[in-house]
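Work through the exercises below with the sequence and the structure at hand. Try each task before reading its solution.

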Amino acid sequence: MREILVLAEHRKGVLRDITWEMLSLGKELAEKMEAQLTTVLPGYEVKSLADELSTQADLVLLVEDERLQNFSSMAYQQVLSTLITTRKPIITLIGHTACGIDLAPGLAAALGMPLATDCLSLTLTEKELTAVRQIYGGKVNAEVACSCEKGCIATIRAGVVSPWGEETRKGKVEVIQSPSLEGISRQRFIEYVEAAIGGVDITQADIIVAIGRGIQDKENIPLAEELAKALGGTLACSRPIVDKKWLPKAHQVGTSGKTVRPKAYIALGISGAFQHIVGMKDSGVIIAVNKDPRAPIFEVADYGIVCDLFDFMPVLKEKAKELLQRR
Amino acid sequence: MKTTITSITKKQTLAQEYDLLGCMQCGKCTAACPVAMRSHLNIRKLMQEALTHESLNPIPMKELWDCTCCSTCTIYCPRELKPNELIINLRGILVEEGHVPTTIRDALESVFKQGNPWGGAKNKRAEWATDLHLKDATRDKEIEVVYFVGCTPSYDPRVQEVARALVKSFNKAGVNFGILGNEERCCGNEVRRMGEEGLFEILIEDNTNVFQKLDVKTMVTTSPHCYNTFKNEYPETHFEIQHYTQYVANLIATGKLTFCGEVDKVVTYHDPCFLGKQNKVFDAPRSIIDSIPGVKFIEFDRSRERSLCCEGGGGRMWVDASDSGERLAEVRVRDAVEMGVQIILTACPFCLLNLEDATKTIGYEDKIQVMDIMELVSQVI
């Protein structure tokens with residue numbers, strides 16, 4: 001039977017989101033190609049993860065070995081190349097994550113297979129894989145094609161496919177003997193280093209509510225904070241707010257702070273000095289609220305609202321809550 | 001022992017390179033340093049450490065990025081040493097070793113890729129002037145003056161107004177001028193001061209190649225920073241380099257630029273460090289202001305050589321001070337308000353931005369205005 005193979009990625013006993021996203025994509029491809037959706041789970045003492053995976057795959061190939069406890073591109077390459085060589089899937093999906101970036105090119109080279117990296121979407125036919133991937137720093141989406149007659153590999157960008165979320169399959173779990181894993185000793189897992197906690201990372205936020213001098217008083221900051229929370233966003237600010245020590249430096253957007261590209265940037269009472277605009281102009285949608293219709297922030301805003309932010313904030317907050325409840 | 005790039009290429013210790021044995025530790029540098037008012041940066045101590053250690057490890061010295069390269073320390077040194085250059089050298093080591101604040105890194109990368117530190121696209125550099133239909137100095141062989149606009153006046157909408165005001169005065173006075181358009185790129189003054197000597201050399205080479213093709217008598221810059229590096233750090237050019245205040249003062253003195261209105265305001269002038277302290281251009285801007293009809297001019301107490309830095313130089317537009325005392329620009333604005341000034345005039349894009357920002361952050365925007373000299377001039381010509 002034809003097969004679509006997905007590499008399950010996990011860390012510290014938890015399957016990563018990218019795995020579910022790839023299974024969702026894999027399901028679509030499998031239905032179209034009338035193929036079986038199979039996922040490979042290399043690891044050690046990860047039976048429970050295999051059971052989780054079986055709810056969304058036809059077959060889970062569990063490869064357990066102490067040496068596979070933590071990700072190692074060398075060990076993973078051996079596991080996958082053995083499986084791909086024997087099973088000959090039409091396509092193997094790997095996450096375009098730190099691990100996937102490390103693993104996929106070497107694997108493709110070793111197998112002599114075509115590889116499409118950082119793909120946004122895939123179209124598969126009997127003979128050809130067509131992938132959409134970005135070039136020129138994300139300004140152009142390019143369609144690239146390669147032959148998949150002898151198999152191919154694609155790495156998938158995180159967050160571009162929605163996971164199904166519910167049980168779609170009742171797959172079985174098959175335990176596979178780990179390959180000999182020779183020569184992997186050159187690579188050794190040392191430790192996981194967590195990103196420093198302490199403050200927010202506004203560069204990772206999808207929605208940013210940013211405040212400027214228009215907030216007037218430190219006492220008013222919780223109002224903006226509540227709005228950010230209601231929208232599922234993060235609070236950021238312009239430089240004067242940090243100068244006044246109303247918010248920590250980690251919240252500052254601009255040339256001497258952070259450059260952000262959220263999906264939505266809501267600027268409240270920020271006049272929009274160039275030094276601030278440089279740090280946020282590439283946001284998806286910019287919504288500016290300012291009393292002054294001549295404020296330069298309106299030059300870059302997609303939506304401009306001339307009003308007092310204290311009138312605006314409660315209204316948007318209520319709307320956001322309403323919408324969330326309806327969901 | 002850590003080997004620094006300096007010691008490899010020049011085979012000199014810091015003490016030899018900066019003549020530190022001449023330092024008598026009098027401390028005038030630190031006493032004069034404007035940034036010392038709000039930072040741990042202690043240039044006297046740094047001079048001593050550089051003298052007594054064969055090489056310094058600057059990696060833990062976060063305060064090195066506080067320096068605005070205003071050069072006050074260097075001007076005040078009775079032994080004519082160059083403490084400011086020592087800081088630039090140490091920043092160079094930080095750049096070589098990759099220990100730079102991310103915002104500085106981004107600004108430098110933008111200069112490398114786009115020819116400006118503001119992240120603006122290279123081919124949009126001249127967009128501000130689209131409706132002005134200016135001559136292209138790289139093609140037009142008839143022009144006499146090339147106007148070097150600079151990065152900030154090209155990209156920052158606030159400072160574009162200054163460039164427009166200058167263009168208006170040039171047109172009014174019948175100056176035959178052109179700009180370099182998209183062939184203009186960063187002068188590198190700040191790049192060098194952020195420690196990226198290699199990138200600075202590339203910029204010198206690129207700009208010099210463009211300059212050589214020009215058949216002009218004079219180059220006029222908006223920014224004192226461009227003026228400073230072209231005049232003092234670039235290979236000699238076949239044309240004269242002037243800051244716009246010098247050129248415009250002459251247009252007024254020779255009767256080519258005349259006024260047709262009055263400004264009934266009390267004004268003062270903030271000396272930009274790269275124009276005043278470092279290049280001794282004190283009188284040209286004052287003579288322009290004096291010639292504007294109706295203006296009442298008063299001096300800051302801290303003026304000319306003693307002018308208080310706005311904290312915009314040396315890469316500080318892209319990184320904040322490590323300590324958080326009151327910004328010097330805020331001190332400056334408060335001083336001006338106390339003097340009863342209605343407009344602070346200046347002649348530098350960075351000073352303009354920092355001072356104007358300070359009027360907002362201390363809530364004085366209704367009490368006082370900040371303008372470039374050219375903006376006031378263009379109101380009455």
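**Exercise 1. Place Ala30(A) in its helix and decide whether this residue is buried or exposed.**

Solution. Step 1: Ala30(A) belongs to helix α1 of chain A, residues 17-33. Helices (H or I, at least four residues) and strands (E, at least two) are DSSP runs, numbered from the N terminus. The model is a predicted one, in which local features need pLDDT of at least 70 and side-chain atom pairs count only at pLDDT 80 or more, while totals for chains, interfaces and linings use all residues. Residues are numbered from 1 along each chain as its sequence is written, and chains are lettered from A and ligands numbered from 1 in the order in which they are written.

Step 2: apply the burial rule. A residue is buried if 20 or more other C-beta atoms lie within 10 Å of its own, exposed if 12 or fewer, and partly exposed in between, with C-beta atoms placed from the backbone. Ala30(A) has 24 other C-beta atoms within 10 Å, so this residue is buried.

Step 3: list the contacts. Two residues are in contact if their C-beta atoms, placed from the backbone, lie within 7 Å. With neighbours within four places in sequence left aside, Ala30(A) touches Ile4(A), Ala35(A), Gln36(A) and Leu37(A). From Ala30(A) to Ile90(A) the C-alpha distance is 9.8 Å, across 60 residues in sequence.

**Exercise 2. Lys88(A) and Cys69(B) each have a positive phi. Find where each one lies and classify its burial.**

Solution. Step 1: recall that most residues other than glycine have a negative phi.

Step 2: take Lys88(A), whose phi is about 50 degrees. Lys88(A) sits in the loop between α3 (73-87) and β6 (91-95) of chain A. Because 12 other C-beta atoms lie within 10 Å of Lys88(A), this residue is exposed.

Step 3: take Cys69(B), with phi near 55 degrees. The loop that holds Cys69(B) runs between α4 (43-52) and α5 (72-76) of chain B. Cys69(B) has 28 C-beta neighbours inside 10 Å and therefore counts as buried.

**Exercise 3. Describe α16(B): its span, its burial and what its buried residues pack against.**

Solution. Step 1: α16(B) covers residues 349-361, which is 13 residues, and reaches 18 Å from its first C-alpha to its last. The expected span of a helix is 1.5 Å times one less than its number of residues. For α16(B) the span is close to the expected 18 Å.

Step 2: twelve of the 13 residues of α16(B) are buried, so the helix is largely enclosed by the rest of the structure. Among them are Phe350(B), Leu353(B) and Thr361(B).

Step 3: these buried residues pack against α6 (239-243) of chain A, and also against α8, α9, α15 (328-338), β8 (343-346) and β9 (369-372) of chain B. After α16(B) comes Gly363(B), with a positive phi near 70 degrees.

**Exercise 4. Give the strand order of the five-stranded sheet in chain B and name the strands at its edges.**

Solution. Step 1: two strands pair if DSSP finds at least two bridges between them. The sheet is open, its pairing is parallel, and its order is β1-β3-β2-β4-β5.

Step 2: β1 (135-136) and β5 of chain B stand at the edges with a single partner strand each, so one side of each has no neighbour in the sheet.

Step 3: β1(B) is joined to β3 (residues 177-179) of chain B by two bridges. Asp136(B) is opposite Ile179(B) in β3(B).

**Exercise 5. Which domains make up chain B, and how do domain 2 and domain 3 meet?**

Solution. Step 1: the bounds, from an automatic or database domain assignment, are 5-96 for domain 1, 121-252 for domain 2 and 258-379 for domain 3.

Step 2: the centres of domain 2 and domain 3 of chain B, taken over C-alpha atoms, are 22 Å apart. In this pair, 28 residues of domain 2 are in contact with 25 residues of domain 3.

Step 3: on the domain 2 side, α9(B) gives the most, with eight residues.
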